[in-house]
Amino acid sequence: MIKDAKAGLPWLALAALGVVFGDIGTSPLYTLSACLTVLSMPATPAHLLGVISLILWTLILVVAVKYAWFVMRADEHGEGGIMVITALASRGQPEGSRMRWAILALGLLGASLFYGDGAVTPAISVLSALQGMEVASARLTPLVVPLSVGIIVGLFWIQRRGTAAISRFFGPAMLAWFLILLVSGVIWVAQAPSVIRAFDPWLGLHILVAHGAGGLTILGAVVLAVTGAEALYADLGHFGTRPIRLAWYFVVFPALACNYLGQGALLILHPAAAQNPFFNMFPAWATIPMVLVSGIATVIASQSIITGAYSATRQASMLGYLPRLTIRHTSASERGQIYLPGLNWILMIAVILIILAFRSSDALSFAYGTAVTGTMLFTTILVFFVARQDWRWPLWKAGLFSGFFVFLDGVFFGANLLKFVAGGWVPVAIGLAVFTLMSTWRRGRTLLIQALSPESLSIPDFLEMIATSTVNRVPGTAVFLTVRVGGIPHTLLHNLKHNKVLHERVVILTIQFESTPRIAPTERMTIRDYGKGLYSLTARYGFMEHPDIPGLLEGAPLPFPWNRADTTYFISRQHLLPKPGGALALWRQRLFAVMLKASATAIDFFHLPANQVMELGDIVELPDRLRKPPIDP
């Protein structure tokens, strides 16, 4: 993690600018323009002040108060994110309870909607930056979409090579960007200082009341100003609370506020600039250079979203909501620098299709916000449970804070639902598709484990069986991977049945992923010696960690001499036969079978030496019902 480096607070805050604030930092490119697009009346000074007031107070309440002060307190050993807060909120609920199920479902929905946001963010950011060329010359308009697609292809193409070499420049680049926002805004505010009145919240409330139901439409565009706010919490583990807050309060918020005020001042003096107020803030000679600068800023913002999608997907996989994935580490020094090939190309195709479908940032603004506000709403609800259980807040205090922000997020979410038909369905559809995949994998995996874990043969029964039979023992160590603690894995029974041998030392290894980011080394493993050369080893990992089984065994205090070279690893590969009826619908069984087949092999996932692995296959059918009520969606 970056915060582990021996760096001072200012340097960590600088690094946070390039990772945490890329998305929200590029929102001035399109937010005010989108607000004016949905405004049904002329952009008079009164209307401009009202809209900018709504933008400023949305930044203050949602980012400065809710996320920077309230939500960021819900950390787990310094880590944050939707998965973390879901684990914290569900921890105090009884297994199998409806409340636990509801909390997990909310968290899973919030995580799923993140992918909808991840597909739209690069599209709207890059389009809005390149649309600055239209201000320079209308003849450049046909180039906007092709160049946007080209930038997206290049951005996703370099992911496989890693971004460690260039990420060190993200912080300084974004600092320069925020300085440009600040200075350009101050220049125009100095020419129309009356725009500072936009800090009066009553101006924003007045425009909402004056527009009636249309005020919700304006809020649906205003919320674009805070897209990316969830990154403050999601990237908490990379930098820590203080650097993120320092960057927000002293750099990001002043720059954003001044730039929005500056755009308002520009439009008060030159109403004709309403088509693209951001780029019209600059003189004609600076338009193309600003297109290049804003292009760099939007690439950085898109990179942050892509990296976040990688991390969220890995966490979901570790927690059992997605199958094992092929994960490649692109940096020898940074654990967070990973590359997921399958997700990378799927996300790239989705972004390109969105660009080709909407073709402009104004049109795409109708698709933006639904997923973001949904995630914000679910996060606020989950914080209520954390406040009650972990912070020990009384009901009135937790209800007061959470209730206010649930109302606020609910209003924004409802406002964005008004854009559902015009494009808001896109991120929602992506999120629901991801939710279906996650919930299907979770339930299917639970049923599969039940089918592969017969309760008839325990470890004591197995020891008694081999004691009364003539089984050939061969030199070496056999490691059998299983998900069940206290039972005999299928691979061990299959090997004994078909090969009729048992190794001198047999280790039943269970890897458990906990709903906590990391496990202390002292709590990593539990070893038990059953005698007759049979051992069980349970290793616990957090969802931010990645297991390396040979490395684990090499450093473990094993009760027998272990040699890396004479160890054989036994793994199983299941092939599912879908059948009508049962605890899982037939179409979900087929979906689960496809996901099972696409799952990364244990060799790659656990870093096993391929020439020391024996893979045994199982053809299974899912049981008709769960033995006990499901606790997860």
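This passage describes salt bridges, a helix and its cover, a strand hairpin, backbone angles and a surface patch in a predicted model.

A search of the whole structure yields 9 salt bridges. One of them joins Lys-66 to Asp-409, with the closest N and O atoms 2.7 Å apart. This pair connects distant parts of the chain, since Lys-66 belongs to helix H4 (residues 45-70) and Asp-409 to helix H21, 343 residues apart. Lys-66 is buried, because its relative accessible area of 0% falls under 20%. Asp-409 is likewise classed as buried, at 1% relative accessibility.

A salt bridge also forms between the side chains of Arg-564 and Glu-554, at 2.7 Å from N to O. Arg-564 is placed in the loop between helix H25 (549-555) and S7, whereas Glu-554 is in helix H25, 10 residues apart. With a relative accessible area of 36%, Arg-564 is partly exposed; Glu-554, at 52%, is exposed. Elsewhere, salt bridges with shared partners unite Glu-504, Arg-505 and Asp-566 in one network. Within this network, the side chains of Glu-504 and Arg-505 meet at 3.5 Å, N to O. Glu-504 counts as partly exposed at 42% relative accessibility, while Arg-505 counts as buried at 11%.

Helix H24 (residues 490-499) has Thr-491, Leu-492, Asn-495 and Leu-496 as buried residues. These residues lie on the same side of H24, because the arc that they cover around the axis is only 130°. An α-helix has 3.6 residues a turn, so residues three or four places apart point the same way. On the other side of H24, Lys-497 and His-498 are exposed. The cover over the buried residues of H24 includes helix H23 (459-467) and the strands S3 (472-482), S4 (501-514), S7 (567-576) and S8 (613-620). Just after H24, Lys-500 adopts a positive phi of about 55°.

Strand S7 contains Gln-574, a residue that is buried, with a relative accessible area of 12%. Beyond its neighbours within four places in sequence, Gln-574 contacts Arg-445, Leu-448, Leu-452, Leu-596, Asp-618 and Val-620. Gln-574 and Leu-616 are separated by 42 residues in sequence and by 8.6 Å in space, C-alpha to C-alpha.

Strands S5 (residues 525-531) and S6 (residues 534-542) are paired in the antiparallel sense over 6 bridges. Within the pairing, Thr-526 stands opposite Thr-538 in S6. The two strands, S5 and S6, make a hairpin with 2 residues between them. Lys-532 lies in the loop between S5 and S6, and its phi is near 55°, a positive value in a residue other than glycine. Most residues other than glycine have a negative phi. His-607 also is not a glycine and has a positive phi, of about 60°. His-607 is found in the loop between helix H27 (602-605) and S8, and counts as partly exposed at 37% relative accessibility.

On the surface, Leu-417, Phe-420, Val-421 and Trp-425 form a nonpolar patch whose accessible area together is about 420 Å². Helix H22 (residues 420-452) supplies the largest share of this patch, 3 residues. Leu-417 is located in helix H21 (residues 395-417). Leu-417 counts as partly exposed, at 40% relative accessibility.

Definitions and conventions
Residues are numbered from 1 along each chain as its sequence is written. This is a predicted model: local features need pLDDT of at least 70, side-chain atom pairs count only at pLDDT 80 or more; totals for chains, interfaces and linings use all residues. Side-chain values use heavy atoms; hydrogens and water are left out. Two strands pair if DSSP finds at least two bridges between them. Helices (H or I, at least four residues) and strands (E, at least two) are DSSP runs, numbered from the N terminus. Patches are made of residues with over 30% relative accessible area and no salt bridge: like charges are joined within 9 Å, nonpolar side chains (Val, Leu, Ile, Met, Phe, Trp, Tyr) within 5 Å. Accessible areas come from the Shrake-Rupley method with a 1.4 Å probe; for residues, only the protein chains shown count as cover. A salt bridge is a side-chain nitrogen of Lys or Arg within 4 Å of a carboxyl oxygen of Asp or Glu. Buried means under 20% relative accessible area, exposed over 50%, partly exposed in between (1.4 Å probe, protein chains only). The arc is that of the directions from the helix axis to the C-beta atoms. Contact means heavy atoms within 4.5 Å.
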